Amino acid sequence: MSSVFSPDTPKDLLDCIKMACGQGEKFEIRGQGSKRGWGRPIHNCRILDLGKLSGISLYEPKELVLSAAAGTTMKSIVETLRDNDQYLAFEPPKLSSLYDGSDKCGTLGGVIATNLSGPRRLSAGAARDHLLGFEAVSGAGEYFKSGGRVVKNVTGFDLSKLLAGSFGTLAAMTSITVKVLPRPNKSRTLLVRGLENKAAIKVLSESLSLSLEVSGAAHLPIGISNKSSIPYISSDNSSVTVIRLEGHAPSVEARCKIVKKIWREYGDIEELHTHNTEKFWNEISGIVTFLDQEANQIWRISVPPSQGAELLVKLKEKLKCDAFFDWGGGLIWLSESNETKYSEKIIREAMSEQSGHATLFRASDKDRESFDVFNPQPNALMNITRKIKKNFDPHGVLNPERMYEGV
Amino acid sequence: MKMPDLNLETLEKRPEIIKALRKIIPEENFGDNIIEDEDGLKVYECDGLSAYCQLPMLVVLPETTEQVSQTLKYCSDNDIKVVARGSGTSLSGGALPLADAVLLGLGKFNKIIDIDYNNRTVVAQPGVTNLSITEAVMHNNFYYAPDPSSQIACSIGGNVAENSGGVHCLKYGLTTNNILGIEMVLMNGDIITLGGKYLDAGGYDFLGILAGSEGLLGVITEVTVRILRKPDLARAMLIGFDDIVAAGDCVASIIGAGIIPGGMEMMDKLAIKAAEDFIQAGYPLDVEALLIVELDGPKSEIDYLINIVEDISKDHGAGYIRISNNDSEREIFWAGRKAAFPAVGRITPDYYCMDGTIPRSKLPEVLKSMNEMSEKYDLRVANVFHAGDGNLHPLIMYDANKEGELKRAEDFGSEILKLCVEVGGVLTGEHGVGVEKRDLMSTMFTEEDLKQQQRVKCAFDPEGLLNPGKVFPTLHRCSELGRVHVHQGKTRFPDIPHF
């Protein structure tokens with residue numbers, strides 16, 4: 001028997017999983033495999049390749065809705081939407097260069113299963129907020145659907161939220177329906193240089209507290225910004241604090257003016273126009289440009305925005321690392337550059353003293369096996385996690401232990 | 001409406017249960033916090049869906065998370081059902097009491113615990129009303145975006161349970177998109193915290209699944225919401241059409257042009273007339289459909305977009321366009337829409353409000369069918385829509401005192417909802433399933449679909465003691481859901497009857 005199953009139809013997939021339930025077989029679900037390095041490594045499993053479940057089955061631009069098979073590549077989805085001046089507003093980043101150095105964009109199923117989102121998370125939400133409905137085969141071998149194709153829907157439990165970010169541990173999705181939105185026709189990035197982390201986050205927070213619909217708010221500390229390929233960002237060896245404004249042209253112009261007025265006291269303000277703005281925020285969402293590519297571990301840390309700078313100070317006392325801020329200071333991307341074996345312990349300890357969570361985003365197989373990849377949960381919550389997994393996948397057929405040991 | 005079988009043993013033990021719960025609730029508060037007399041219980045006999053009434057076995061009004069935890073643990077240990085209730089404004093019977101259940105009222109959880117402008121969050125107890133969150137931050141020009149029509153009364157805990165919407169959710173999202181964290185108590189008494197003042201906690205998204213779970217998974221004791229800065233300016237437009245289909249097309253074109261208004265509502269002729277007679281908002285009475293489009297943001301953006309919307313409307317044959325010049329005028333435009341339900345209530349003894357959502361493009365087809373149904377059932381219907389997101393609120397007018405009219409209205413409503421599902425929509429956009437649409441769930445979901453939802457229920461409340469009889473038409477015992485029967489590649493489940 002081949003070690004890779006590639007079902008041609010949802011029915012094939014159903015048969016595959018039913019068979020696995022009966023025979024004790026286990027599967028690692030895969031689209032393009034572009035994010036295999038995220039989550040705990042999976043051992044002794046056959047590959048369940050969903051690549052043949054591909055194609056856009058419904059796209060109604062005026063209804064702002066698109067349905068596609070789970071294995072449809074993000075490349076084809078992004079291109080189709082772009083042809084109609086639309087996009088996925090949660091800005092799913094391309095992460096393959098972070099993991100296997102390839103140019104793959106991943107699949108829609110992979111983006112949803114990992115609840116990926118980029119800098120626009122702040123204003124537009126994460127993948128979870130754009131998933132309207134899906135069809136899937138549960139680990140128990142049952143074909144089911146949830147949600148629908150309309151945004152306003154409270155009919156029954158919102159299983160879309162449960163599946164988004166479940167890393168394929170509960171069900172293998174076959175079809176996915178997402179909300180799409182018109183692409184903003186103008187975007188601008190405003191930047192100011194030389195601010196310390198704490199001051200920068202205060203400036204970002206101030207801007208986010210105005211009615212400006214800021215769709216990106218990041219801070220690149222000194223020594224990080226110079227890695228950008230955009231001269232405006234990298235030329236001066238100083239920190240760079242940025243916000244993005246998008247929308248209709250007159251509105252963007254008006255909002256830029258407001259920000260410039262407020263920011264004047266912090267230094268000279270520079271502006272990136274649409275082309276460079278797109279390029280720059282792709283670098284932010286792809287993260288790898290600004291981190292140490294050779295680092296042993298890369299972490300994603302989500303905290304209350306006002307606590308981001310202080311947390312980094314604390315971590316830097318014990319850890320040699322590169323780091324930058326997104327989400328107005330609420331998201332810290334960090335690559336650990338020294339050889340310390342204790343970085344996981346240092347980060348977990350720091351997190352135990354404050355609210356938020358840390359994810360080991362990239363590390364060696366060995367590290368992802370011996371350390372918690374996701375923030376450890378309190379017992380009562382872990383009990384629910386175990387029960388959910390057991391109820392949806394009683395035989396542990398799908399992506400065993402991808403998220404938590406023994407689950 | 002058939003509800004779960006009465007647990008006679010629980011009813012027999014009522015005095016004992018009261019005694020036990022008195023130990024949990026501090027003695028000095030008995031009078032206030034445990035209600036057992038019939039007059040007192042009567043207050044709680046129904047929620048916003050007043051067609052269904054039921055006295056609860058008793059009412060408990062705890063004041064601390066610890067008391068909620070102990071109450072639930074006691075009930076869990078003694079196999080006693082519990083129904084949680086916020087302000088009781090549910091339109092689908094989500095908080096309808098059960099004769100053999102403890103009704104757990106959260107009215108005393110009425111404090112705002114924390115306002116944090118740096119992180120743009122508010123932490124509130126579940127009994128705090130939706131509007132008071134906005135009121136607590138409005139002096140700093142902040143607000144909480146989801147604004148269900150009942151916002152003056154409905155509680156934030158109930159909003160989470162029902163995943164409430166409102167006229168502004170087209171642009172700003174539903175409750176689920178605006179909450180960051182909750183503290184809740186499970187049926188076994190465990191207290192858990194989900195999320196906080198940060199985004200996207202790792203692990204399964206239980207926060208997401210709690211929103212809209214209609215009180216079946218746990219009792220919420222604290223909610224962390226995101227607050228936003230009030231837009232600089234908002235202006236509303238009244239746009240009248242001779243043809244309701246043209247109005248529908250206009251909505252699609254506005255959105256298709258890349259404009260997401262803060263709110264976009266539609267009313268049909270009957271609803272316009274009722275609202276105008278009631279509020280005198282200045283609505284035109286010679287149009288078939290009226291759109292209210294609100295644009296918010298910086299002034300220059302609004303000026304620019306109003307022109308575009310005006311052009312699009314004219315292209316679609318709008319014969320009437322009025323634009324608000326100041327906030328009080330804007331509020332008058334909305335006043336008629338916001339009072340549409342009571343306005344219809346003035347022209348009919350009773351009305352039955354439906355809540356299906358359809359893909360916007362199906363509006364002409366659905367309206368045509370609804371008119372045919374109106375003739376068939378011989379009942380009038382006024383239509384109010386959240387046009388931007390396809391959420392319909394047909395108001396079926398009837399007289400409960402006339403024999404058979406309630407039944408006809410209910411059948412009419414069911415047929416509308418079935419039609420919504422047929423055209424690719426859903427049974428309920430924002431009011432919830434509750435008891436009202438429970439038995440229609442199978443028109444939208446297969447047995448397999450519903451089983452997966454119940455698998456979530458079983459992880460949180462395996463004995464099915466929290467709010468039973470709501471949402472699910474069929475009661476599966478968790479032990480049966482957990483077992484997977486695989487026989488020659490086929491799964492088998494015993495057929496359990498409807499309750």
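**Exercise 1. Determine whether A:Glu401 is buried, partly exposed or exposed in this predicted model.**

Solution. Begin with the count: 19 other C-beta atoms lie within 10 Å of A:Glu401. Next, recall the cut-offs: a buried residue has 20 or more such neighbours, and an exposed residue has 12 or fewer. A:Glu401 is therefore partly exposed. To place the residue, look at the segment after α15 (379–392) of chain A, where A:Glu401 is found. Finally, examine the backbone: A:Glu401 has a positive phi of about 60 degrees, although it is not a glycine.

**Exercise 2. Locate A:Phe167 and decide whether it is buried or exposed.**

Solution. First, find the loop between α7 (159–163) and β9 (171–179) of chain A; A:Phe167 belongs to this loop. Second, count its surroundings: because 23 other C-beta atoms lie within 10 Å, A:Phe167 is buried. Third, check the backbone angle: phi is positive, about 50 degrees, and A:Phe167 is not a glycine.

**Exercise 3. Classify B:Ser479 as buried or exposed, and state how far it lies from B:Gly203.**

Solution. Start from the helix: B:Ser479 lies in α19 (residues 478–482) of chain B. B:Ser479 has 9 C-beta neighbours inside 10 Å, so it counts as exposed. Then turn to B:Gly203: the two residues are 276 residues apart in sequence, and their C-alpha atoms are 25 Å apart in space.

**Exercise 4. Describe the side of chain A that touches chain B.**

Solution. Take the totals first: the contact involves 75 residues from chain A and 79 residues from chain B. Now consider which elements take part. Those of chain A that supply at least two residues each include α1 (10–23), α8 (197–208), α10 (249–263) and β18 (357–362). The greatest contribution comes from α15(A), with eight residues. Last, sort this side of chain A by residue type: 31 are nonpolar, 29 polar and 15 charged.

**Exercise 5. State how many residues the largest nonpolar core has, and identify the contacts of B:Val82.**

Solution. The general background is that nonpolar side chains tend to be buried together in soluble globular proteins. Here, the largest nonpolar core has 270 residues. Its largest share, seven residues, is supplied by helix α10 (residues 244–256) of chain B. The residues with the most contacts inside the core are A:Ala172, B:Val82, B:Leu291 and B:Ile396. For B:Val82, set aside the neighbours within four places in sequence; the contacts are then B:Leu72, B:Cys75, B:Ala101, B:Val102, B:Leu104, B:Leu465 and B:Leu466.

Conventions: Residues are numbered from 1 along each chain as its sequence is written. Chains are lettered from A and ligands numbered from 1 in the order in which they are written. This is a predicted model: local features need pLDDT of at least 70, side-chain atom pairs count only at pLDDT 80 or more; totals for chains, interfaces and linings use all residues. Helices (H or I, at least four residues) and strands (E, at least two) are DSSP runs, numbered from the N terminus. Two residues are in contact if their C-beta atoms, placed from the backbone, lie within 7 Å. Ala, Val, Leu, Ile, Met, Phe, Trp, Tyr, Cys and Pro count as nonpolar, Asp, Glu, Lys and Arg as charged, and the others, Gly among them, as polar. A nonpolar core is a set of buried Ala, Val, Leu, Ile, Met, Phe, Trp, Tyr and Cys residues joined through C-beta atoms within 7 Å.
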